[in-house]
Amino acid sequence: FPHVDYSIVKDEQDPFWSCERESQASIIRRLYDLLLWVRDCPEDEVALAAHCSVNFTLLNAVVDCSLDPPLANWFCTAEVRSMRLLWEEPHKEKAKFLDGPEHVRGLAAGSCYLYPHLLQLKPRGIEDIVLLREDFAAYKASGHVAVISSGGAGHEPLMSGFVGEGLLTACVTGGLFAAPSSGAILRAIQTASGHAGCMLVVMNYPGVRLNNAIAADRARALGISVEIVVVADDVGSLKDELSEAVDKSDARGCVGAVLTLKAAGAAAERGDGLAEVAGVARDVAVRVKTMSLALRWKGADWNLEIGVGIHGEFGASELPSLKHLPGASEGGAATAAAEMLLKRILKHADMPEDRRVLVVLNNMGGTSPLEMAVLCNATHRFLASEGITVVALAHGTLVTSLDMHGFSLSLLPLGRGMGEAAMLGLLRAPSEAASAWPGIVTCSQADRWVEVDPPAES
């Protein structure tokens, strides 16, 4: 792994580190031990654990910067702060039903029970897990393009829940919030791909992009055709999401990946070639826009993070409590939250003249069904007031951040690119019944009433 920068290691004799090259799995295992040790230390004894330039986007183990203000300032503006939510709630994290560092193995085996159409590729040692649709061999032999995606654990049902007919051919999952290795991604490509080639759906995070690029280059050297489509739909991660002059490459990947893989999977299932499947995926990825909001307990009240990322990254802004959200103090917390996100999404969405959209309402892991229903109502009412027609809706728990108490909203304008009929056709195409894909529903008029006359008295 020559791309790993070991020069930042302070002391080559540090027992947690070795300057000899080693596998990513070995690095992660020892970093895991280090982080457990750091987490259990008294706050006044530990200011910084480590930060390794490229490979450490796998965990981004910057811990408790409060003793070093310049470092704290860097930490608050860093592109990735993957593990911060675990440090903010250490006691809560300890209470999870996990089997220690072997939770990824449990995730793989459990996913095969939850989704019985999955097969697990036998790992080579301590390797990231690869799951495939059970008919992958016949699928690739019949000339279909393989659609593969990868990412860290902690976002379930992404990735394993979206493998199957009309969806992903295979997925690769790393450790908790950790990009899977390029070696594991390459094995997935080699196993799932036939002569039609392979398309990788890649969420816009440095470690994920790097390892997918390495795997794709190695696969091409072996004669496998590979296309990469990067999903960067999270407008809450832009440096100035209220400005027109922003670098769109700063946007993180979020729920847009689910729409992208669904459309691409449907195109691959019907027999489209690699260029056509990649074109469908890019059409969705470039147009879908997402923003998230979450509540975190901090001291004496719930802190509101607007534009929060799926690893707990900082977004556009923070408010000290829910009551500080404009409109929330009058009892309209759901309406105020939905309106805030949608106004910011619309700033970046390329809306067609007919202003017809598909909406995705995503539960980030810890939001109750009651709250989700109220948020759905608030979303429809606000968009209607803006003259926007919600043609279809996808909702449910799609992309999570463990048990984060939050939600995200995504808008996909339908009158651009391939057009509304073609797009909805792909998203409505048959898919694996046992998967986590909820399907899309056609939105009907709200507040429909039926009046029933009371029975006549005898």
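Me: Leu 383 lies in helix H12. In this predicted model, what makes Leu 383 count as buried or exposed?

Reply: Its relative accessibility does. Leu 383 comes out at 0%, and buried means under 20%, so Leu 383 counts as buried.

Me: Okay, and which residues does Leu 383 touch, leaving aside neighbours within four places in sequence?

Reply: With those set aside, Leu 383 is in contact with Leu 342, Val 359, Ile 388, Val 390 and Leu 411. There's also a C-alpha distance to look at: Leu 383 and Arg 355 sit 9.8 Å apart in space, with their positions 28 residues apart in sequence.

Me: Now the helix itself. Why is H11 called oblique to H12?

Reply: Start with the angle. Helix H11 (residues 333-348) and helix H12 (residues 369-385) have axes that cross at roughly 50 degrees and come within 9 Å. An angle under 35 degrees would count as roughly parallel, and 65 to 115 as roughly perpendicular. Roughly 50 degrees fits neither range, so H11 is oblique to H12. As for handedness, H11 passes H12 in a right-handed crossing.

Me: Which residues make that contact?

Reply: On the H11 side you'll find Ala 334, Thr 335, Ala 338, Glu 339, Leu 342, Lys 343 and Leu 346. H12 brings Val 374, Leu 375, Ala 378, Thr 379, Phe 382 and Leu 383. So Leu 383, our starting residue, is part of this contact.

Me: What makes H7 and H8 oblique to each other?

Reply: Try the reasoning again with new values. Helix H7 (residues 182-192) and helix H8 (residues 206-221) pack at about 45 degrees, with their axes 8 Å apart. Roughly parallel needs an angle under 35 degrees and roughly perpendicular starts at 65, so H7 and H8 are oblique to each other. H7 passes H8 in a right-handed crossing. Ser 182, Gly 183, Ile 185, Leu 186 and Ile 189 of H7 make the contact with Asn 211, Asn 212, Ile 214, Ala 215, Arg 218 and Ala 219 of H8.

Me: How do you know that Val 280 counts as buried?

Reply: Val 280 has 8% relative accessibility. The cut-off for buried is under 20%, so Val 280 counts as buried. Val 280 lies in helix H10 (residues 274-287). Not counting residues up to four places away in sequence, Val 280 touches Ala 263, Ala 264, Ala 267, Met 418 and Leu 426. The C-alpha atoms of Val 280 and Gly 417 are separated by 9.1 Å, although the two are 137 residues apart along the chain.

Me: What about Phe 177 and Leu 402: what is unusual about their phi values?

Reply: Phi of Phe 177 is near 55 degrees, a positive value in a residue other than glycine. Leu 402 also has phi near 55 degrees, again positive and again not in a glycine. Most residues other than glycine have a negative phi.

Me: Why is Phe 177 called buried and Leu 402 partly exposed?

Reply: Phe 177 lies in the loop between S4 and H7. Its relative accessibility is 2%, and the cut-off for buried is under 20%, so Phe 177 counts as buried. Leu 402 is found in the loop between strand S11 (389-396) and strand S12 (405-413). Leu 402 has a relative accessible area of 23%. Exposed would need over 50% and buried under 20%, so Leu 402 is partly exposed.

Me: Where are the cis peptide bonds from Glu 156 to Pro 157 and from Leu 158 to Met 159?

Reply: Pro 157 has its place in the loop between strand S3 (146-153) and strand S4 (170-176), and Met 159 is found in the loop between S3 and S4 too. Omega is near 15 degrees for the bond from Glu 156 to Pro 157 and near 10 degrees for the bond from Leu 158 to Met 159. Most peptide bonds are trans.

Me: How do you know that Cys 112 is in no disulfide?

Reply: The count comes to zero disulfides. For Cys 112, the nearest cysteine sulfur is that of Cys 171, 9.4 Å away. A disulfide needs the sulfur atoms within 2.5 Å, so Cys 112 is in no disulfide.

Note on methods: Residues numbered from 1 in each chain as written. Predicted model: local features only at pLDDT ≥ 70, side-chain atom pairs only at ≥ 80, totals over all residues. Heavy atoms only, no water. Axes fitted to C-alpha atoms, helices over the stretch in contact; angles between N-to-C directions. Helix = DSSP H or I, 4+ residues; strand = E, 2+ residues; numbered from the N terminus. Parallel < 35°, antiparallel > 145°, perpendicular 65-115°, else oblique. Left-handed = near helix turned anticlockwise from the far one by under 90°. Contact = heavy atoms within 4.5 Å. Buried < 20%, exposed > 50% of the residue type's maximum accessible area, 1.4 Å probe, protein only.
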